[in-house]
Amino acid sequence: MDSIDKKILRFLIQNARTPFLEIARECGISGAAIHQRIKKLEDMGVIQGSRMVVVPKSLGFDVCAFISIRVSDITRQQDTVELLKKIPEIVECHYMTGAFNLMAKLYCLDNEHLMNTIYNKILQVPGVSETETYVSLIEAFSREIYIDIVQG
């Protein structure tokens, strides 16, 4: 990645809907070159598409929680993850170090919905032996990776 690629990424991180011709003008290169560079960044795995960000609270999901999950049989951890993936309230799942194997982020309508999701969905998944739940009071901030920290 060169300085122009980084500049392109800055624009896309700020607003993925920025027209390519506007980015081209700011970078001092042609629109075709922008298309080629973005395609190259996609092929390299730097960019994986673009998406709209839906605000869960606007849809009535008032509870955001993080659940640490201990998997009883580490050799079947991937099977457990595949079953957790089927629970619609879970929006992220990460493999973790420490006392628990996984960390899931989920959104629920209210505390009753959260309790139901934990007891009737997550704890029913074969392989899940224990959970610990953390309820988010408010999201302090969220952002994409800051492109200026990329070296080179």
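The exercises below work through the pocket, the salt bridges and a few chosen residues of one predicted model.

Residues are numbered from 1 along each chain as its sequence is written, and side-chain values use heavy atoms, with hydrogens and water left out. In this predicted model, local features need pLDDT of at least 70 and side-chain atom pairs count only at pLDDT 80 or more, while totals for chains, interfaces and linings use all residues.

**Exercise 1. Describe the largest pocket and its lining.**

Step 1. Fix the term. The search runs on a 1 Å grid over the protein atoms alone. A pocket is an open set of points with protein on both sides within 12 Å along at least five of seven lines; a cavity is a set where a 1.4 Å probe fits but cannot get out. Lining residues have an atom within 4 Å of a point.

Step 2. Take the volume. It is about 1600 Å³ for the largest pocket. Volume here is the space filled by probe spheres set on the points, with grid points joined across faces, edges and corners.

Step 3. Go to the lining. The largest pocket is lined by 41 residues. Nearest its centre lie Arg51, Met52, Val53, Ser142 and Glu144.

Step 4. Sort the lining by type. It divides into 24 nonpolar, 7 polar and 10 charged residues. Nonpolar covers Ala, Val, Leu, Ile, Met, Phe, Trp, Tyr, Cys and Pro; charged covers Asp, Glu, Lys and Arg; the others, Gly among them, are polar.

Step 5. Assign the elements. Helices (H or I, at least four residues) and strands (E, at least two) are DSSP runs, numbered from the N terminus. At least two lining residues each come from helix H1 (3-14), H3, E1, strand E2 (90-95) and strand E3 (102-108). H1 gives the most, with 4 residues.

**Exercise 2. Find the partners in the salt bridges of Lys57, Arg70 and Arg76.**

Step 1. Set the cut-off. A salt bridge is a side-chain nitrogen of Lys or Arg within 4 Å of a carboxyl oxygen of Asp or Glu. The structure holds 9 of them.

Step 2. Start with Lys57. Its side chain meets that of Asp62 at 3.5 Å, N to O. Lys57 sits in the loop between H3 and E1.

Step 3. Grade the exposure. Buried means under 20% relative accessible area, exposed over 50%, and partly exposed in between (1.4 Å probe, protein chains only). Lys57 is at 55%, so it is exposed. Asp62 is at 48% and therefore partly exposed.

Step 4. Turn to Arg70. Its side chain meets that of Glu130 at 2.1 Å, N to O. This pair links distant parts of the chain: Arg70 is in strand E1, Glu130 is in strand E4 (residues 128-136), and they are 60 residues apart. Arg70 has a relative accessible area of 23%, so it is partly exposed. Glu130, at 34%, is also partly exposed.

Step 5. Finish with Arg76. Its partner is Asp79, with the closest N and O atoms 3.3 Å apart. Arg76 is partly exposed because its relative accessibility is 49%. Asp79 is partly exposed at 36%.

Step 6. Add the network. Salt bridges link Asp2, Asp5, Arg37 and Lys40.

**Exercise 3. Name the members of the nonpolar surface patch that contains Met44, and place Met44.**

Step 1. Apply the patch rule. Patch residues have over 30% relative accessible area and no salt bridge; like charges are joined within 9 Å, and nonpolar side chains (Val, Leu, Ile, Met, Phe, Trp, Tyr) within 5 Å.

Step 2. List the members. They are Met1, Met44 and Val46, with about 260 Å² of accessible area together. Accessible areas come from the Shrake-Rupley method with a 1.4 Å probe; for residues, only the protein chains shown count as cover.

Step 3. Place Met44. It is in the loop between helix H3 (31-43) and strand E1 (63-71). Its relative accessibility is 48%, so Met44 counts as partly exposed.

**Exercise 4. Is each of these residues buried or exposed, or in between: Ser3, Asn15 and Asn101?**

Step 1. Ser3 is in helix H1. It is exposed because its relative accessibility is 57%. Ser3 and Cys27 are 24 residues apart in sequence and 9.6 Å apart in space, C-alpha to C-alpha.

Step 2. Asn15 is in the loop between H1 and helix H2 (20-27). At 38% it is partly exposed. Its C-alpha is separated by 36 Å from that of Asp79, 64 residues away along the chain.

Step 3. Asn101 lies in the loop between E2 and E3. At 15% it is buried. The C-alpha atoms of Asn101 and Ser72 are separated by 9.4 Å, with their positions 29 residues apart along the chain.
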